[in-house]
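Biologist: I am new to this structure and would be grateful for a close look at a single part of it. Please choose one region, describe how it is put together, and then show where it sits within the whole.

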Amino acid sequence: MKTTHKITAFQICLVAMAACVNVAGGQISLFLHLPIYLDSIGTILAGAWMGPVFGMAPNLISGVVMGMTTDIYSLYFAPVGMITGLMSGLVFQKYKVKRSSLFLPALMITVPGTVVSSMICAFLFGGITSSGSTVLVQLLAKTPLGMTASVFVVQILTDYADRLVSLFAVVCLLQAMPSDLRWRWKGENSHGRAGRTI
């Protein structure tokens, strides 16, 4: 007999919270014109906490909300965030991510989204977006690299720095979180189980 998994109210609240964290981080980055985005903290948190499928939802939601309200570019870059959420869920399922070893997991989360992000930025917007990294792109575009290569170079550097900061914040949050809360999203009780090292 086929079993169906229902989405609980707690899971919906967690996804909504992660989307709000994305919006808040993105607004802080836009306001301060930072070269990193800070709009993937909630996405990585959802992926790490609840898995790849739930990891894709927050950035889709926050991308639509920000795209309709303050930053139209967020709507076009929503697929990048969904890839980031998917990859973060897969990385946290496969590896024990710790604060002392963030560089490789951050790279694994970064690269697939950066490839898509670079293509969107270069071909759809000509390298000009609302991000603070646009200035770096325009400077490098005047070199022999050209626009597409310049976008990729800047994107991989800024995306990697952004994912490192976001991943550090997520790991610190998950380590500080009580184990009962950490496993509650799927109806599990941490009593009597070894638990997963985060």
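Modeller: Two residues are said to be in contact when heavy atoms of theirs lie within 4.5 Å. The model is a predicted one, and the part I have chosen is helix α5, together with the helices and residues that meet it.

A brief view of the whole will help to place this part. The protein has nine helices and zero strands, so from the N terminus on every element in the order α-α-α-α-α-α-α-α-α is a helix, as the definition of these elements allows. Of the 198 residues, 43% are buried. Where contacts join residues at least 6 apart in sequence, 68% of them link residues at least 24 apart.

The partner to consider at the outset is helix α3. This helix covers residues 52–69, while α5 covers residues 78–94, and the two pack with their axes 7 Å apart at an angle of about 155°. Angles over 145 degrees count as roughly antiparallel, and α3 and α5 are therefore roughly antiparallel to each other. Their crossing is right-handed. On the side of α3, the residues taking part are Pro52, Gly55, Met56, Asn59, Leu60 and Gly63; they meet Ala78, Gly81, Met82, Gly85, Leu86, Gly89, Leu90 and Gln93 of α5. Sorted by kind, the residues of this contact comprise seven nonpolar, seven polar and no charged.

Helix α3 has a further partner in α1. The axes of α1 and α3 are 8 Å apart, and the angle between these helices is about 50°. They are therefore oblique to each other, and α1 passes α3 in a right-handed crossing. From α1, the residues Gln11, Val15, Ala18, Ala19, Asn22, Val23, Gly26, Gln27 and Leu30 take part, and from α3 come Phe54, Ala57, Pro58, Asn59, Ile61, Ser62 and Met66. Ten of the residues in this contact are nonpolar, six are polar and none is charged. Asn59 of α3 thus belongs both to the contact with α5 and to the contact with α1, by the definition of contact used here.

Returning to α5, its other partner to describe is α8. These helices pack at an angle of about 50°, with axes 13 Å apart. That angle makes α5 and α8 oblique to each other, and their crossing is right-handed. Val80, Thr84 and Phe92 of α5 form the contact with Arg163, Leu167, Val171 and Leu174 of α8. Five of these residues are nonpolar, one is polar and one is charged.

Two members of that contact merit individual attention. Threonine 84, which is placed in helix α5, has a relative accessibility of 1% and so counts as buried. Apart from neighbours within four places in sequence, threonine 84 touches Ser40, Thr43, Ile44, Ile109 and Arg163. Threonine 84 and threonine 110 stand 26 residues apart in sequence, with 6.9 Å between their C-alpha atoms.

Arginine 163 lies in helix α8, which spans residues 146–176. Its relative accessibility is 5%; buried means under 20%, so arginine 163 counts as buried. The side chains of arginine 163 and threonine 84 are joined by a polar contact of 3.5 Å. With neighbours within four places in sequence set aside, the residues in contact with arginine 163 are Tyr37, Ser40, Ile44, Val80, Thr84, Ala106, Ile109 and Thr110. Ser40, Ile44 and Ile109 are therefore in contact with arginine 163 and with threonine 84 alike, under the definition of contact given above.

One residue outside these helices completes the description. Leucine 38 is found in the loop between α1 (9–32) and α2 (41–50). Its phi is near 60°, a positive value in a residue other than glycine. With a relative accessible area of 13%, leucine 38 is buried.

Conventions: Residues numbered from 1 in each chain as written. Predicted model: local features only at pLDDT ≥ 70, side-chain atom pairs only at ≥ 80, totals over all residues. Heavy atoms only, no water. Axes fitted to C-alpha atoms, helices over the stretch in contact; angles between N-to-C directions. Helix = DSSP H or I, 4+ residues; strand = E, 2+ residues; numbered from the N terminus. Parallel < 35°, antiparallel > 145°, perpendicular 65-115°, else oblique. Left-handed = near helix turned anticlockwise from the far one by under 90°. Nonpolar A, V, L, I, M, F, W, Y, C, P; charged D, E, K, R; others polar. Buried < 20%, exposed > 50% of the residue type's maximum accessible area, 1.4 Å probe, protein only. Polar contact = N/O pair within 3.5 Å; in protein donor to acceptor, adjacent residues only side chain to side chain.
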